[in-house]
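Colleague: I have a model to look at, and I want to know what stands behind each label. Can we go through the terms one by one?

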Amino acid sequence: MKKLINSPDDVVRDALRGMEAAHGDRLRISYDPYMVVRKDAPVQGKVGIISGGGSGHEPMHGGFVGPGMLDAACPGEVFTSPTPDQMLEATKAVNGGAGVLHVVKNYTGDVMNFDMAADMGKGEDIEVETVLTNDDVAVEDSLYTAGRRGVGVTVLVEKICGAAADDGKSLAEVAELGRKVNANGRSMGMALTPCITPGSGEPSFELAEDEVEIGIGIHGEPGRFRESIGPASQIAERLMTPILEDLPFSSGDKVLAFVNGMGGTPLLELYVVYAEVAKIAQEHGLSIERNLIGNYITSLEMQGCSITLVKLDDDMVRYWDAPVNTPALRWGS
Amino acid sequence: MPIDRDAVVDWMRRFAGEMGEHRQELVRLDTAIGDGDHGTNMDRGMRKAMEKVEAAELADPGAVLKTVAMALVSSVGGAAGPLYGTLFLQMGGALAGQERVDLPGWTAAWRAALEGVQARGKAQPGDKTMVDALIPAIEALEGASDLDEGLTAAAQGAEDGMRATTPLVARKGRASYLGERSKDHQDPGATSTYYLFKTAAEALSG
């Protein structure tokens, strides 16, 4: 294993030091507990939005802290949920009197730690709502598993809820909008290679030189099945078919199409995939109103991609287009 | 001999030692069916817990276990943090104020721990989790006639329960996403729980 690190135990702290060095003018970095917070937090009268999760998915979540998106993020160790004391501190740090939204990806650890944070926060007199993202259609038998995982749609929920909070919406309204985006979003991912956590130093799974894994999670969880690698058109079809069938998306739907890199995939290849996604969408009569292409919710150095489609309404489009100013996502004013 | 504060500190010290010693084994088991962080997290968490325990003036077994619980909750993360945190918090609560714990008290504390873990993680027996090591261990305690016999039988019960997770299909946690592919792997959470009962038998007997 070769990695650009000082030591496996210090990788999260060292990356936060980098965030502070790069963005310290706009972000406040806390090391005990780990937090990335808007420097101007709490914004009085605005709903605060926090998220958190294991590290290794950068830029999610710390890279999405800033005006128009998150007020704070709680990074855990690599692929490990953050802890309730972090979430509680972040909640207090961003509470501007209008309550705080927790955006939680559906993973056993994340859910349990955010639950404990909510238990601990009951004495703090802060109104908290939770939006749980669970858009991964690769998880088929959700009755007998921990349920569908939260993946690509999380980025879109954070952006759209962030804009709604800026627009002065109430906590209940922002939460409802977040749940609507999640309910209208579906994702699926694939890998060309596994990833290696700094702690284990071992690949998360074994793949032959000519094999791909379809339906992977973002922590190196193996997927639905393996097959010999085919052209990008075939891989896009493998991911798009279950997504389209699941919601289902139907002809005339306006959608946001998000092609996400898993961390080690060249942007060149992501655009190759996007061309296939656009073609398949067109064949199904979908109108791609907005798109996002790049590495936003990653799995360390894994090569591969995920595709997310969200069925849009006018509010979602307006909030998607609203200004955002974070290290990883920035447009408008 | 009843269990006192020093014995419980010794138990936790030994458990922390096992988590350090078996860190890679737990990482390997977790990499096979989970996300590969269990050994690293438990080692980090128990080292932190022992720092807190050694630094504090703790009056009784319950206070020691509560200190361990809070350290794990705030340092482990993942699923193991809340689950082991809840386990030790419930045990500590059940033992509150008891300077010396006998077999019935010890068994009741474990029963409370199991209930807490199941309330937090929603796992049922056979879901391929730490619950599958906890239940046979606690049943062994409940069937014992004295403390030493109970501690030995509980360690054996946890070991049997841990081994019995190998053929199971996971229904909770990240391993559940593998479905049938989670078979033929021993559960890492049940494995760390076995070390908890193994070290209890070593530290608390006779």
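Modeller: What follows is a set of short questions and answers on a predicted model.

Colleague: Why is Gln303(A) called partly exposed?

Modeller: A residue is buried with 20 or more other C-beta atoms within 10 Å, and exposed with 12 or fewer. Gln303(A) has 19, so partly exposed is the label.

Colleague: Where does Gln303(A) sit in chain A?

Modeller: In the loop between β11 (287-294) and β12 (304-311) of chain A.

Colleague: What makes Ala191(A) a contact of Gln303(A)?

Modeller: The cut-off is 7 Å between C-beta atoms. Ala191(A) meets that cut-off with Gln303(A), so the two count as touching. Leaving out residues up to four places away in sequence, Gln303(A) also touches Leu192(A), Thr193(A), Met262(A), Gly264(A) and Thr265(A). Gly48(A) is another matter: the C-alpha atoms of Gln303(A) and Gly48(A) are separated by 34 Å. Along the chain, these two are 255 residues apart.

Colleague: Now the sheet. What makes β1 and β6 of chain A edge strands?

Modeller: First, the order. Six strands of chain A form an open sheet, β1-β2-β4-β3-β5-β6, with mixed pairing. β1 (27-31) and β6 (128-133) each have a single partner strand, so one side of each has no neighbour in the sheet. From one strand to the next, the twist averages 20°.

Colleague: How do you know that β3 and β4 of chain A pair?

Modeller: Pairing needs at least two bridges. β3 (residues 48-55) and β4(A) are joined by five, so they pair. The two strands run parallel. Gly53(A), for one, stands opposite Pro75(A) in β4(A).

Colleague: Which helices lie across these strands?

Modeller: Helix α1 (residues 11-23) of chain A lies across β1, β2 (34-38), β3 and β4, at about 155° to β1(A). Helix α5 (residues 171-183) of chain A lies across β5 (100-105) and β6, at about 5° to β6(A).

Colleague: How is chain A divided into domains?

Modeller: The domain assignment gives domain 1 (8-184) and domain 2 (185-311). Their centres, taken over C-alpha atoms, are separated by 23 Å. In contact are 23 residues of domain 1 and 29 residues of domain 2. On the domain 1 side, α4(A) gives the most, with four residues. That side has 13 nonpolar, six polar and four charged residues.

Colleague: Why is the largest nonpolar core said to lie between the domains of chain A?

Modeller: Domain 1 and domain 2 of chain A both give residues to this core, so it lies between them. The core has 163 residues. Val277(A) is one of those that touch the most other members. Leaving out residues up to four places away in sequence, Val277(A) touches Ala236(A), Met240(A), Ala257(A), Val259(A) and Ile307(A).

Colleague: What do we find where chain A meets chain B?

Modeller: 29 residues of chain A are in contact with 26 residues of chain B. β4 (72-78), α2 (84-94) and α3 (108-121) of chain A each give two or more residues to the chain A side. The largest share, five residues, comes from α3(A). By class, the chain A side has nine nonpolar, 15 polar and five charged residues.

How values were computed: Residues are numbered from 1 along each chain as its sequence is written. Chains are lettered from A and ligands numbered from 1 in the order in which they are written. This is a predicted model: local features need pLDDT of at least 70, side-chain atom pairs count only at pLDDT 80 or more; totals for chains, interfaces and linings use all residues. Ala, Val, Leu, Ile, Met, Phe, Trp, Tyr, Cys and Pro count as nonpolar, Asp, Glu, Lys and Arg as charged, and the others, Gly among them, as polar. A nonpolar core is a set of buried Ala, Val, Leu, Ile, Met, Phe, Trp, Tyr and Cys residues joined through C-beta atoms within 7 Å. Domain bounds come from an automatic or database domain assignment. Axes are lines fitted to C-alpha atoms, for helices over the stretch in contact, and angles run from 0 to 180 degrees between N-to-C directions.
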